[in-house]
Amino acid sequence: MRNEVARLSFEVTGPEDAPVLMFCHALGGDRSMWDSQVEALSSAYRILRYDLRGHGRSAIFEGDFSLEDLASDALNVLDHYGISRMHFCGLSLGGMVGQWLGIHAQDRLQSLTIVDSAPQMGTLETWNQRIQQIERAGMSSIADATMSRWFTEDFRKREPHIVDHFKSILEATSPAGYIACAQVVRDASVSGGDLERFRSVRVPTLVVTGKFDAAATPAACEAMASHIAGSRFQELMAAHISPVEASATLSAALSDFLEQATEQRRASTT
């Protein structure tokens, strides 16, 4: 565990005595996808965010790994700081990590927020085609198509500098790191059709997705939320990267949800 944590790049901001909020980003991105939420929430929460394996400033991990391995990274980072429980918020692949935590490690959660993430995103065929394209032509070969999935056309026209920023992050991502994590999404999607497992989640949960998200569609995300007792579902005016495209709306929704989740937990323990 210690060696794995040492290979991950992570940072903590906010008051040391505040509730802990952990962010996990999307495939092909890095922790800067959460910059707006950190700015909005860092006065009230101790925010912990990190780069996934093979992304951002984290090392590339050799060999295949699973969604459970990525979730274990999050728990190991918590253990590194001596944190027993957290609010977890994950985007896309990060949301799949959250799904795993909600089912298998909810004793470490105060709340769970799943953003632009469904149990199944893409098919075996589409993921294999994308992986083969990267192996053949590199990360730049998928950059334009990825931006069209990540952001609506209106946002791409209105905020080209933001889109260019995340395009450059994608293009700078290690092909090996991207492919290894893409295989995690692929394999989780192939086996992720049974929604009944979400009935075991017993922590306050918010499920959010973009109205125009073709990967984590509103219908798929609402269906997942319907299997989590007491969960909330919200649709935002965005495509796949809501924390960037609908940053203010998501930050406000997250702030409201976290306050209610904290009060709910406080009431249950008194």
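Here are some worked exercises on side-chain contacts in this predicted model.

## Exercise 1: An aromatic pair

Task: Classify the ring pair Phe 10 and Tyr 81, then work out which parts of the chain the pair ties together.

Solution:

1. Start with the geometry. The ring centres of Phe 10 and Tyr 81 are 5.8 Å apart, and their planes sit at 80 degrees. Rings pair if their centres lie within 6.5 Å, and planes over 60 degrees apart count as edge-to-face. So this pair is edge-to-face.
2. Now place the residues. Phe 10 belongs to strand S1 (residues 10-13), while Tyr 81 is in the loop between helix H3 (67-80) and strand S4 (86-91), so the pair ties together parts that are 71 residues apart in sequence.
3. Check the exposure. Phe 10 has a relative accessible area of 18%, so it is buried. Tyr 81 comes out at 30%, so it counts as partly exposed.

## Exercise 2: A tilted pair and its cluster

Task: Do the same for Phe 151 and Phe 166, and find which aromatic cluster they belong to.

Solution:

1. The two ring centres are 6.3 Å apart with the planes at 45 degrees, so Phe 151 and Phe 166 make a tilted pair.
2. Phe 151 sits in the loop between helix H6 (143-150) and helix H7 (153-158), and Phe 166 is in helix H8 (residues 160-172), so this contact ties together parts that are 15 residues apart in sequence.
3. Phe 151 and Phe 166 are both buried.
4. Zooming out, Trp 150, Phe 151, Phe 155 and Phe 166 form one aromatic cluster. The total for the model is five aromatic pairs.

## Exercise 3: Charges over rings

Task: Which rings have Arg 7 and Arg 53 lying over them, and at what distance from the ring centre?

Solution:

1. For Arg 7, the ring is that of Phe 61: the charged end sits over it, 4.2 Å from the centre.
2. For Arg 53, look at Phe 65. The arginine lies over the face of that ring, 4.7 Å from the ring centre.

## Exercise 4: Salt bridges

Task: Go through the salt bridges of Glu 11, Asp 187 and Arg 232, and say how buried or exposed the partners are.

Solution:

1. A quick reminder: side chains of opposite charge can pair when their charged atoms come close. The cut-off here is a nitrogen within 4 Å of a carboxyl oxygen, and the count comes to 12 salt bridges.
2. Glu 11 meets Arg 31 at 3.3 Å, N to O. Glu 11 lies in strand S1 and Arg 31 in the loop between strand S2 (20-24) and helix H2 (35-41), so the bridge ties together parts that are 20 residues apart in sequence. Glu 11 is partly exposed at 24% relative accessibility, whereas Arg 31 is buried at 6%.
3. This bridge has company: Glu 11, Arg 31, Asp 35, Arg 49 and Asp 51 are linked in a network of salt bridges.
4. Asp 187 pairs with Arg 186, with the closest N and O atoms 2.9 Å apart. Asp 187 is partly exposed at 40%, and Arg 186 is buried at 15%.
5. Arg 232 and Asp 256 meet at 3.1 Å, N to O. Arg 232 is in strand S7 (residues 232-236) and Asp 256 in helix H12 (residues 247-268), so the pair ties together parts that are 24 residues apart in sequence. Arg 232 is partly exposed at 27%, and Asp 256 is partly exposed at 33%.

## Exercise 5: The buried side of H6

Task: Where around the axis of H6 do its buried residues Ala 143, Thr 146, Met 147 and Trp 150 lie, and what covers them?

Solution:

1. Ala 143, Thr 146, Met 147 and Trp 150 are buried in H6. They span an arc of only 100 degrees around the axis, so they lie on the same side of H6.
2. The cover over the buried residues of H6 includes H7, H8 and helix H11 (242-245).

## Exercise 6: Cysteines

Task: Why is there no bond between Cys 24 and Cys 181?

Solution:

1. Take the distance. The closest cysteine sulfur to that of Cys 24 is in Cys 181, 9.0 Å away, which is too far for a bond. A disulfide needs the sulfur atoms within 2.5 Å.
2. Cys 24 is buried at 0% relative accessibility, and Cys 181 is buried at 0% too.
3. The count for the model is zero disulfides.

Methods:
Residues numbered from 1 in each chain as written. Predicted model: local features only at pLDDT ≥ 70, side-chain atom pairs only at ≥ 80, totals over all residues. Heavy atoms only, no water. Phe/Tyr/Trp six-rings, centres within 6.5 Å; stacked < 30°, edge-to-face > 60°. Helix = DSSP H or I, 4+ residues; strand = E, 2+ residues; numbered from the N terminus. Buried < 20%, exposed > 50% of the residue type's maximum accessible area, 1.4 Å probe, protein only. Lys NZ or Arg CZ within 6 Å of the ring centre and 35° of its normal. Salt bridge = Lys/Arg side-chain N within 4 Å of Asp/Glu carboxyl O. Arc of directions from axis to C-beta. Contact = heavy atoms within 4.5 Å.
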